[in-house]
Amino acid sequence: MTFLGLIRKSAVRKPLRGSLLIVSVAMAFLIYGLTASFIAGSQGTAAASDDLLGVMNAAGRAQPLPLAYLPRITELQGVAAVSPITRLRGSVGDARNVVAVSAGNPDKLLAVSGKELGLTNAMVDALDDGRDKVLVGRALAQAQGWSIDDTLTVTAFRTRKADGSRDWRFEIAGIFDGKSPSTDTYFILAQYDYINNARGKNRDTVSTFALRPEPDVSPQQLAPRIDALFANSAAPTRTLSEKQFLSAFLSQYADVKRVVTLVVSVSFVTLLMIVVNTLVFALRERRFEIGVLKVLGFRSSRIMMMVLAEALFVFLVGGTIGICLAKLASLAAPPALGLVLDTNVALRAFALIFLLGLTSGALPALSAMRTPILSAFRTR
Amino acid sequence: MTTLKTESPFIALSGVSKTYRTGNESLPIFTNLDMTIQGGDFVAVMGPSGSGKSTLLNLLAGIDHADTGDIQIAGQRLDHMGEAARAAWRAHHLGIVFQFYNLLPMLTAAENVELPLLLKPIPASVRRERVAKVLDLVGLGGRGKQNPTRMSGGQQQRVSIARAIVADPSLLLCDEPTGDLDRKSADDVLAMLGYLNRELGKTIVMVTHDPEAANAANRTLHLDKGVFVENEQVAA
């Protein structure tokens with residue numbers, strides 16, 4: 001037997017109680033794993049880049065900017081590449097099957113966000129091969145069952161063609177995967193010129209300019225310089241990083257991160273109270289045994305470490321089960337949910353497991369450490 | 001196993017006083033108690049309830065403090081040690097046998113016996129050998145994997161004795177070791193303690209109510225109201 005063996009046997013000395021504790025910890029970490037995966041996934045902003053900038057109309061993201069801004073932004077010192085982007089939202093087939101199309105300049109898209117989206121020269125050449133060609137993100141393609149050479153018709157919510165039609169026909173030229181599993185790939189990349197030339201209104205305008213700064217230029221310093229260029233124009237700009245933009249976009253609906261943090265915090269506080277309460281009661285039952293261990297020569301500090309380790313054991317086993325279940329759920333969930341349980345989420349979860357394990361064990365451990373032997377013997 | 005025979009007393013209590021206080025009430029247990037026990041002795045301490053037998057044992061085990069006086073065991077002043085030092089001293093020099101065995105129910109007999117060895121830097125294989133050896137010694141060879149809760153009282157007490165001697169302590173303190181046993185089991189346990197004293201040289205102090213148990217010792221001290229009331233009896 002080792003100390004670890006002794007700790008394990010003490011932790012599960014009452015199998016039903018030990019199992020229920022482990023299950024409750026597992027459930028709490030399952031909730032944590034799922035919510036953290038949601039934040040880290042494509043519905044969140046964790047995968048968004050701080051290096052890419054988006055130039056939008058300061059009056060609101062629904063307001064267009066003139067395409068004529070493009071040369072002035074391109075020529076600005078510190079700008080590596082710029083692509084005009086116009087966005088089109090609509091449905092495919094069922095009106096509830098909503099998709100988003102971002103239309104840009106193929107070459108410039110490769111330079112601006114090719115790395116983040118996992119674009120290759122071959123993909124961009126395929127996109128450039130015809131004006132109605134599009135690249136589809138892997139998550140969207142999987143969700144819709146689309147493959148290369150399929151054609152699809154997006155019925156736009158607002159953007160009409162010159163003939164009044166809202167149907168936009170596209171042909172899939174490639175599927176992009178994104179740099180990492182947490183990259184948002186639930187959208188379509190199309191050609192700006194195709195949308196711009198065909199639409200009836202707002203020609204030669206953009207929803208945003210996507211730009212990549214030179215490698216040695218700070219995006220945070222470049223952004224105010226861009227906005228200063230157009231400060232006195234009819235359409236002043238507001239330049240944000242991709243991450244800032246997504247955060248602002250999501251917070252229009254709700255502060256998702258705060259809601260998730262609140263839910264997780266409440267579940268963890270509840271869990272902590274249950275576990276501490278159970279451990280304190282379990283320890284009260286074992287005061288006599290703690291007295292015996294002390295008589296055998298176990299120092300109070302060692303007893304304290306053992307009780308702490310028991311709490312940690314419960315959290316480690318339960319937490320690992322919970323995180324593994326969350327990982328399985330994230331793999332099984334449809335891509336549209338955008339659940340990504342990556343290394344960062346797992347590391348944060350294990351840091352929480354240790355923190356909560358030690359916190360919940362602290363009170364019982366201190367109590368065990370302070371238990372006088374004679375007082376422990378009187379509990380028999 | 002080591003034998004500890006010394007010229008000076010192995011255990012020496014000098015001017016030990018102990019009073020329990022509850023609120024405004026005081027209950028004196030000892031006043032200026034003196035006692036000496038030689039190394040290798042087997043001493044029974046008898047006396048009526050409340051005479052101070054258990055308090056004496058607690059003081060010798062370092063789990064209770066004297067108000068005044070010196071307590072010296074194997075040349076070390078117990079009353080000068082802090083809690084951690086007393087725990088370390090118990091781990092190295094003391095084995096305790098309780099009336100109700102006090103075995104941990106979630107551990108097997110062998111694991112219970114192994115507990116004191118966890119505190120020593122001994123490889124697992126050596127620990128297992130020592131545990132097997134002492135279980136053999138107490139007549140429980142091959143029963144190590146059994147849970148003590150499924151053993152008879154006599155067997156549990158023998159596991160308790162194995163646990164007390166596995167770390168090779170020089171002093172064994174026994175608190176009514178036969179108090180919960182039938183006569184046959186009690187005799188077996190007393191024979192075992194006699195063997196440990198005679199053959200392995202363990203110094204044993206045993207608190208008991210049972211005159212037959214006291215007969216197994218080679219000296220008997222009678223405590224009454226905190227004082228030794230008559231001359232000790234020495235076994236022939």
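**View 1. Asp70(B) and Arg77(B) pair up in a salt bridge.** In this predicted model, the closest N and O atoms of Asp70(B) and Arg77(B) sit 2.8 Å apart. Asp70(B) has a relative accessible area of 32%, so it goes down as partly exposed. Arg77(B) is partly exposed as well, at 24% relative accessibility. Arg77(B) also has a salt bridge with Asp79(B), and here too the closest N and O atoms are 2.8 Å apart. Asp79(B) comes out at 31% relative accessibility, which again counts as partly exposed.

**View 2. Asp210(B) reaches Arg183(B) across a stretch of chain B.** The two side chains form a salt bridge, with 3.1 Å from N to O. What parts of the chain does this pair link? Asp210(B) belongs to the loop between β8 (203-207) and α7 (211-216) of chain B, while Arg183(B) is in helix α6 (residues 183-200) of chain B. That puts the partners 27 residues apart, and the pair links distant parts of the chain. Is Asp210(B) buried or exposed? Asp210(B) is buried, because its relative accessible area of 18% is under the 20% cut-off. Arg183(B), at 33% relative accessibility, is partly exposed instead. The pair isn't on its own, either: salt bridges with shared partners tie Arg183(B), Asp187(B), Asp210(B) and Glu212(B) into one network. Over all chains, the salt-bridge count comes to 20.

**View 3. Lys9(A) meets Glu111(B) across the interface.** How many salt bridges are found between chain A and chain B? The rule finds 1 across this interface. Its partners are the side chains of Lys9(A) and Glu111(B), with an N to O distance of 2.8 Å. For polar contacts between chain A and chain B, the count is 6 residue pairs, with both residues at pLDDT 80 or more. On the chain A side, the elements that each bring at least two residues to the surface touching chain B are α1 (3-11), α11 (287-295), α12 (300-332) and α14 (373-378). The largest share comes from α11(A), with 6 residues. As for the make-up of the chain A side that touches chain B, there are 12 nonpolar, 4 polar and 7 charged residues.

**View 4. Chain A and chain B bury about 2,300 Å² between them.** Of that area, 67% comes from carbon and sulfur atoms. Which three residues give chain A the biggest part of the area it buries against chain B? They are Met1(A), Leu296(A) and Leu374(A), which supply 30% of it, more than any other three residues. In terms of who takes part, the contact draws on 23 residues from chain A and 25 residues from chain B.

**View 5. Ser83(A) is tucked away in a strand of chain A.** Ser83(A) lies in β3 (residues 79-91). Is Ser83(A) buried or exposed? Its relative accessibility is 0%, so Ser83(A) counts as buried. A polar atom of the Ser83(A) side chain is 3.2 Å from the backbone nitrogen of Asn105(A). Leaving aside residues up to four places away in sequence, Ser83(A) touches Gly104(A), Asn105(A), Lys108(A), Leu109(A), Val112(A), Thr208(A), Phe209(A) and Ala210(A).

**View 6. Here is chain A as a whole, with 14 helices and 11 strands.** Its C-alpha atoms fill a box of roughly 90 × 45 × 35 Å along the principal axes. The radius of gyration of chain A is 28 Å, whereas a compact globule of 380 residues would come in near 21 Å. Of these 380 residues, 49% count as buried. Among the contacts in chain A with a separation of 6 or more, 79% are between residues 24 or more positions apart.

**View 7. Chain B carries 7 helices and 11 strands.** How does its radius of gyration sit against the globule rule, and what is the value? Chain B has 18 Å, which agrees with the value near 18 Å for a compact globule of 236 residues. Along the principal axes, the C-alpha trace of chain B spans about 50 × 40 × 40 Å. Of the 236 residues in chain B, 55% count as buried. Residues 24 or more positions apart make up 71% of the chain B contacts with a separation of 6 or more.

How values were computed
Residues are numbered from 1 along each chain as its sequence is written. Chains are lettered from A and ligands numbered from 1 in the order in which they are written. This is a predicted model: local features need pLDDT of at least 70, side-chain atom pairs count only at pLDDT 80 or more; totals for chains, interfaces and linings use all residues. Side-chain values use heavy atoms; hydrogens and water are left out. Contact means heavy atoms within 4.5 Å. Buried area is the accessible area (1.4 Å probe) that two parts lose on being put together, summed over both. A salt bridge is a side-chain nitrogen of Lys or Arg within 4 Å of a carboxyl oxygen of Asp or Glu. A polar contact is a pair of N or O atoms within 3.5 Å; within protein, one must be able to donate a hydrogen and the other to accept it, and residues adjacent in sequence count only if both atoms are side-chain atoms. Helices (H or I, at least four residues) and strands (E, at least two) are DSSP runs, numbered from the N terminus. Ala, Val, Leu, Ile, Met, Phe, Trp, Tyr, Cys and Pro count as nonpolar, Asp, Glu, Lys and Arg as charged, and the others, Gly among them, as polar. The radius of gyration is taken over C-alpha atoms; the globule rule is 2.2 Å times the number of residues to the power 0.38. Buried means under 20% relative accessible area, exposed over 50%, partly exposed in between (1.4 Å probe, protein chains only).
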